[in-house]
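Got your viewer open? Let's take a walk through this model together, one selection at a time.

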Amino acid sequence: MAIVMNHLIVPAADREAAATFFADLLGLRVGPPAGPFAPVGVNDDLTLDFDDRREPHPGHYAFLVDDATFDAVMERLGKDPAIDYGSGPMNGWDRAINHLAGGRGVYVRDPNGHSYELFTAVPEDR
């Protein structure tokens with residue numbers, strides 16, 4: 001059996017608001033509460049469980065996405081000037097994308113300071 005990540009706990013000041021931000025960004029839905037968590041199913045194997053029982057400390061979460069998902073995310077970002085996004089940590093929140101590894105990439109900051117990185121290609125040397 002391969003190793004498959006099943007879930008991650010994402011600390012948040014408000015679990016429902018953080019789960020909704022993430023779900024809206026990627027065109028997903030927030031599931032029914034699971035204990036103290038607001039879960040968002042990313043795919044058949046992975047769920048992000050948003051948890052507001054502890055103070056959030058910004059984290060980095062990276063996702064390889066297809067072109068259609070990337071386009072949809074960029075369309076959503078273009079409609080909301082309040083959401084910080086940019087081409088990479090060295091460029092700040094410049095509201096641009098990068099073209100690393102021959103694909104496209106973007107970093108999005110959520111209200112808790114987490115950075116969601118979305119990219120369409122993986123460098124060959126990984």
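Start with the whole chain in cartoon view: you should find two helices and seven strands. Here, helices (H or I, at least four residues) and strands (E, at least two) are DSSP runs, numbered from the N terminus. In sequence order, the pattern reads β-α-β-β-β-α-β-β-β.

Before you click further, note that this is a predicted model, in which local features need pLDDT of at least 70 and side-chain atom pairs count only at pLDDT 80 or more, while totals for chains, interfaces and linings use all residues. Residues are numbered from 1 along each chain as its sequence is written, and side-chain values use heavy atoms, with hydrogens and water left out.

**Stop 1: the whole thing**

Zoom out. The C-alpha trace spans about 40 × 40 × 25 Å along its principal axes. The radius of gyration is 15 Å, which agrees with the value near 14 Å for a compact globule of 126 residues. That radius is taken over C-alpha atoms, and the globule rule is 2.2 Å times the number of residues to the power 0.38.

Switch on the surface. Its accessible area is about 7,400 Å², and 53% of that belongs to carbon and sulfur atoms. (Areas come from the Shrake-Rupley method with a 1.4 Å probe; for residues, only the protein chains shown count as cover.) Of the 126 residues, 38% count as buried. Buried means under 20% relative accessible area, exposed means over 50%, and partly exposed is in between, again with a 1.4 Å probe and protein chains only.

**Stop 2: a four-strand sheet**

Which strands form the open sheet, and in what order? Going across, the order is E4-E7-E6-E5, with mixed pairing. Two strands pair if DSSP finds at least two bridges between them. At the edges are strand E4 (60-64) and E5, each pairing on one side only.

Select E4 and E7 together. These strands run parallel and are joined by five bridges. Look for Phe63 opposite Leu118 in E7, and for Ala62 with its bridge partner Glu117.

Now show the side chains of E4. They alternate: Tyr61 and Phe63 point to one face and are buried, while His60, Ala62 and Leu64 point to the other and are not.

**Stop 3: strand E7 and its hairpin**

Next, select residues 115-119, which make up strand E7. How many of the five residues of E7 are buried? The count is five of five. Ser115, Glu117 and Phe119 point one way, Tyr116 and Leu118 the other.

E7 also pairs with E6, this time in the antiparallel sense, over five bridges. You can spot Gly105 opposite Phe119 and Arg109 opposite Ser115. The two strands form a hairpin with five residues between them, and Gly113 in the turn has a positive phi of about 90 degrees.

Click on Ser115. This residue counts as buried because its relative accessibility is 13%. Leaving aside residues up to four places away in sequence, Ser115 touches Gly59, His60, Tyr61, Trp93, Tyr107 and Val108. (Touching, or contact, means heavy atoms within 4.5 Å.)

**Stop 4: the loop between E5 and E6**

Follow the chain to the loop between strand E5 (85-86) and strand E6 (105-109), and pick out His99. Is His99 buried or exposed? With 56% relative accessibility, His99 counts as exposed. From His99 to Ser87 is 12 residues in sequence and 8.6 Å in space, C-alpha to C-alpha.

Two other residues in this loop are worth a click. Arg95 lies in the loop and has a phi near 55 degrees, a positive value in a residue other than glycine. Arg95 is partly exposed, at 34% relative accessible area. Ala101 lies in the loop too, with a positive phi near 60 degrees, and is partly exposed at 42%.

**Stop 5: Leu48**

For the last stop, select Leu48 in strand E3 (residues 47-51). Why does Leu48 count as buried? Because its relative accessibility is 0%. Show its surroundings: beyond residues up to four places away in sequence, Leu48 touches Leu8, Val10, Phe22, Ala38, Pro39, Val40, Val42 and Phe63. You met Phe63 earlier, as one of the buried side chains of E4. Leu28 is 20 residues from Leu48 in sequence and 11 Å away in space, C-alpha to C-alpha.
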